[in-house]
Amino acid sequence: MTIINHMNENKAWHKECAYAYFWETAPGIGSATIEKIFELYGSYQKMYEALEDEKIYHSLGLCGKMSEFKQRKKTLIKNHFMDWNVNLRYQEMIGQHIFCIPRFLNGYPHKLQEIDKAPSALFVKGKLPEENRPLVAIIGARNCSNYGVHMAKELGQVLAMHGIGVVSGLARGIDGIGQLAALNEGGATFGILGSGVDVCYPPENIELYKRLANSENRGGIISEMPPGTQAEKKFFPMRNRIISGLADAIIVVEAKEKSGTFITVERALEQGKDVYACPGRMCDSLSIGCNRLISQGAGVIWNLDEFVQEVYQNHGFHININQDTTVSRIEDDQEKNTLPLTLIRQVIYNCLDYNMQPVDRILERVMEKHEILLKDLLIELSDMERLGYVRQENGFYGLAP
Amino acid sequence: MFQSVLTGAVNGVDGYLVTAEIDMADGLPCMDMVGNLGHEVRESSERVRVALKNIGYAIPPKRVTINLSPAGIKKGGTAFDLPIAIGILATMGVVELPKDEQWIAIGELGLDGQVRGVPGILPILITAKEKGIKTCILPSDNRYEAEYIKGIRIIELGDLYRLFDIFENWESMVKTKMSQIVSGTSTKTTFPDPIDKSQTHITPNFADIIGQSMAKRAAEIAAAGFHNLLLTGPPGTGKSMIAAALSGILPPMEEKEMLDTSKVYSVAGLLNEERPFICKRPFQTPHHTITPQALVGGGIVPGPGIISLSNHGVLFLDELPEFKRQTLDMLRQPMEEGKIVITRKSGSYVYPCNFMLVAAMNPCPCGYYPDKNRCTCSQKEVQHYISGISGPLKNRIDLCVNVQRGSYDQIREKKAEESSEHICERIIAVRQIQKERNGAGIYNGRIEAKRMPALCEMTKPAEKMMEHYYETQHLSMRGYHRTLRVARTIADLDGKKMIDDVHILEAVSYRGFLDK
């Protein structure tokens, strides 16, 4: 069921959500507390009304002789109760097209109910993933190599083509690339943020953020933080559990030996999700993490079609390619020259790699096959870069992803 | 009794003539000095009095007034001791000053009558010669500087008492040939050979640097067109060595350049017996803890800074991010104008600073970017580190290359590398082309924007290529011009009159992270 339906029909549901929003923004009250209190009262509204008398404070452990800390906590809650206009605030939020999906109401993803320390509520801008569609997480290093870029793109595309949604953290590098590729292929993709859903972090991915949040009705921005929360380091490990929680399988595209990606992998394993990794060369530092995961039992993605089949087999979904998912591909910006490369350029191309190399090394490799002066090599490389075959970064050259 | 003696002083790096007027009259015995004088000039009176007493000529108890004209300009230094002493001796009637020809005297006096050297002799002599002065009496210590000025007669003086000899034999001294030093050692009528072996500091030869073809090519382009160069790379890869070797492939200095730079060194008091004249391009490497004044010039007593001492040479800033932002920002205007103007209440001092900037830095905190296998920095850390160099300075750099560790094969193979001498030949040829096309002393790196359409003509394909890069790389106007100037030098090295697209393509490979 989509949010839009809720909007028109169930006023009671919205009322509950409004009160849930109050509790989500209450200072010092976390998921565990909300769960406990909800069990006592059975309704967010009733919980709110119980603030009038002192009884609820008893359940919160804020009664009798209190330490200064507890006293302060109680005061904060009281102030929040005074200041917070439940209806007005809720209308404001809805006005920004942000919805609050509390755990104990309809609409909360079933998959997240199962996980350890499930979020007490989700805030959504756009859509939530559909319950019966497979969802795969594409995660990896922020500072990835051209190979990582290439694979994240391919994976995003292929998954989207087969109607499999992509979920990730909208981060720099692998995350963002995978999501963008899926979106461009016409697929559904969801970004879980470590900030409020109205805060775009990282700023570089603003375009992706906008597309997911506003226009295209094929994805959404999700967070467990209330709107307005700024991104803070401590929120990111927490949001990773949501990424793995919503996904049916996790793909690690590139990761260094020590990487934040492993936090998400750990959560995924705790939640009993399948973990896959893209293998890489032993000498590439960005593939060490992935290769290690494989040695520890993660699935290997060595062929995209086989992988897609496996996802379907393991998660028992029907291959269901709707008309929606075959929407037009976004045109490539760089016009790859359709004319064949000249001989010397072919030689140069073959000496290049997804891994960036310094010019001197490329010169050595080319010289093994064909005489060339440095300045002529630079000329060819610059031209090939212009045409889209080559990528350059501060004197290092590599194949364009 | 009134006497006047011509002498000289320096403003910035230019000399000007000063007249020391001495008057002795009846009245309470004293010695008054006037003419907008600094402290050390006022002290002249004491030094002169004692020096004269010690050679046996005590000043009579009269009222002595000394004026240094033009009286409005602030004067400093100790060079007026000698002319004042001469003037006093003349008013005492002890010597008779020659009147037929113009002559000047400069020098500091010790209390024992010894004549000591002073800075700034070179610019003063140049001006004196222009004004028609035929002879100059100066300290022996400074005669080395004087050897390179043609057309003026030098009489060197070590002791005050020798003065009497000089004035008595003035006629015969004057008859000796011009530009010969009278108390006899060598005579130099031409500027010294620039590849003067006696003046070698250990400049590395490019033949000793293994591999690094891109950096060497960039160094060649930089030297040929006088472009500013930035070397990035991990520690220990030879950035400093390449920068030092660069000073060895710079073409020999022209006469005017030698004079210009020697004047600065003279004013700074750095010319001496070992180095009487600057005929080899300076190579200055200030430490990154240098103060802004030491770098740029100034100070309580204004003097030239390192940037002026690298005039027509190389200023090498190693570990660029370690320099204080404030210090680097002071380079902006001097680099733009080729001169630095230091303003004081007493006036402005202008020092030239036409240097070629070479800088070296790590590209990121760990040093290995963009080698993803070894770089442990996040993208943000790299960006932050690079943005630490002042933006305006980055804007004024023309070439940026990365220097990486060579492979062991390269070391093992011991391939023959091109020598500095060989590279220098190409550079000299290209400098000649620039001279003919741009005009004397204007290298490609210094072509003004308005002259660029005329001097940097492009073929149609080249124009299209530049347009493409302007759009896709979001080049600023400055970036556009700098790329074009580099392309101009590359075309010159290629022997082509018009800049073609291949030259643009190569020029663009040297942009590094300058446009990020």
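The dialogue below walks through several features of this predicted model, in which a learner asks and a modeller answers.

Biologist: I would like to begin with the sheet in chain B, so in which order do the strands of the open sheet lie?

Modeller: Strands of a sheet pair through backbone hydrogen bonds, either parallel or antiparallel. In chain B, four strands form an open sheet with mixed pairing, and their order is E1-E2-E4-E3. Strand E1 (2-11) and strand E3 (30-34) of chain B each have a single partner strand and stand at the edges, so one side of each is left without a neighbour in the sheet. Direction ignored, neighbouring strands of this sheet are turned by 20° against each other on average.

Biologist: How many bridges join strand E2 to strand E4 of chain B?

Modeller: Strand E2 (residues 14-25) and strand E4 (residues 63-69) of chain B run antiparallel and are joined by seven bridges. To find this pairing in the structure, you can look for Ala25(B), which stands opposite Arg63(B) in E4(B).

Biologist: Which helix lies across E1 and E2 of chain B?

Modeller: That is helix H4 (residues 121-130) of chain B, which runs at about 85° to E2(B). H4(B) also packs with helix H10 (residues 255-267) of chain B, at an angle of about 125° and with the axes 6 Å apart.

Biologist: How should I read such a pair of helices, and which residues of H4(B) and H10(B) meet?

Modeller: Two packed helices are described by the angle between their axes and the distance between the axes. H4(B) and H10(B) are therefore oblique to each other. From H4(B) come Ile121(B), Leu122(B) and Pro123(B), and they meet Ser262(B), Lys263(B), Ser266(B) and Val267(B) in H10(B). Sorted by class, this contact of H4(B) with H10(B) has four nonpolar, two polar and one charged residues.

Biologist: In chain A, at what angle do the axes of helix H2 and helix H7 cross?

Modeller: The axes of helix H2 (residues 11-24) and helix H7 (residues 86-95) of chain A cross at roughly 95° and come within 9 Å. That crossing makes H2(A) roughly perpendicular to H7(A). On the side of H2(A), the residues are Cys17(A), Ala18(A), Tyr19(A), Tyr21(A) and Phe22(A), which meet Val86(A), Asn87(A), Arg89(A), Tyr90(A) and Met93(A) in H7(A). The contact of H2(A) with H7(A) has, by class, eight nonpolar, one polar and one charged residues.

Biologist: Turning to a strand, are the faces of E6(A) covered or open?

Modeller: In a regular strand the side chains alternate between the two faces of the sheet. In E6(A) both faces are covered, with Gly219(A), Ile221(A) and Ser223(A) buried on one side and Gly220(A) and Ile222(A) buried on the other. Strand E6 (residues 219-223) of chain A thus has five of its five residues buried.

Biologist: Which strands are joined to E6(A) by bridges?

Modeller: Strand E2 (residues 121-126) of chain A is joined to E6(A) by four bridges and the two run antiparallel, with Val124(A) opposite Ile222(A). Strand E5 (residues 189-192) of chain A is likewise joined to E6(A) by four bridges, but these two run parallel, with Gly191(A) opposite Ile221(A).

Biologist: How many residues of helix H3 of chain B are buried?

Modeller: Helix H3 (residues 81-91) of chain B is mostly covered, with 11 of its 11 residues buried. Among them are Asp81(B), Pro83(B) and Thr91(B). After H3(B) comes Gly93(B), whose phi is positive, near 85°.

Biologist: How many residues does the contact take from chain A and from chain B?

Modeller: The contact takes 25 residues from chain A and 25 residues from chain B. Helix H14 (285-295), helix H17 (359-369) and helix H18 (374-387) of chain A each supply at least two residues of the side that touches chain B. H18(A) gives the largest share of that side, eight residues. By class, the side of chain A that touches chain B has 10 nonpolar, six polar and nine charged residues.

Biologist: Where is Gln379(B) placed, and which residues of chain A is Gln379(B) in contact with?

Modeller: Gln379(B) is in helix H15 (residues 379-386) of chain B. Leaving aside its neighbours within four places in sequence, Gln379(B) is in contact with Arg142(A), Asn143(A) and Arg172(A). Gln379(B) is partly exposed, with 16 other C-beta atoms within 10 Å.

Definitions and conventions: Residues are numbered from 1 along each chain as its sequence is written. Chains are lettered from A and ligands numbered from 1 in the order in which they are written. This is a predicted model: local features need pLDDT of at least 70, side-chain atom pairs count only at pLDDT 80 or more; totals for chains, interfaces and linings use all residues. Two strands pair if DSSP finds at least two bridges between them. Axes are lines fitted to C-alpha atoms, for helices over the stretch in contact, and angles run from 0 to 180 degrees between N-to-C directions. Two residues are in contact if their C-beta atoms, placed from the backbone, lie within 7 Å. Angles under 35 degrees count as roughly parallel, over 145 as roughly antiparallel, 65 to 115 as roughly perpendicular and the rest as oblique. Ala, Val, Leu, Ile, Met, Phe, Trp, Tyr, Cys and Pro count as nonpolar, Asp, Glu, Lys and Arg as charged, and the others, Gly among them, as polar. A residue is buried if 20 or more other C-beta atoms lie within 10 Å of its own, exposed if 12 or fewer, and partly exposed in between; C-beta atoms are placed from the backbone.
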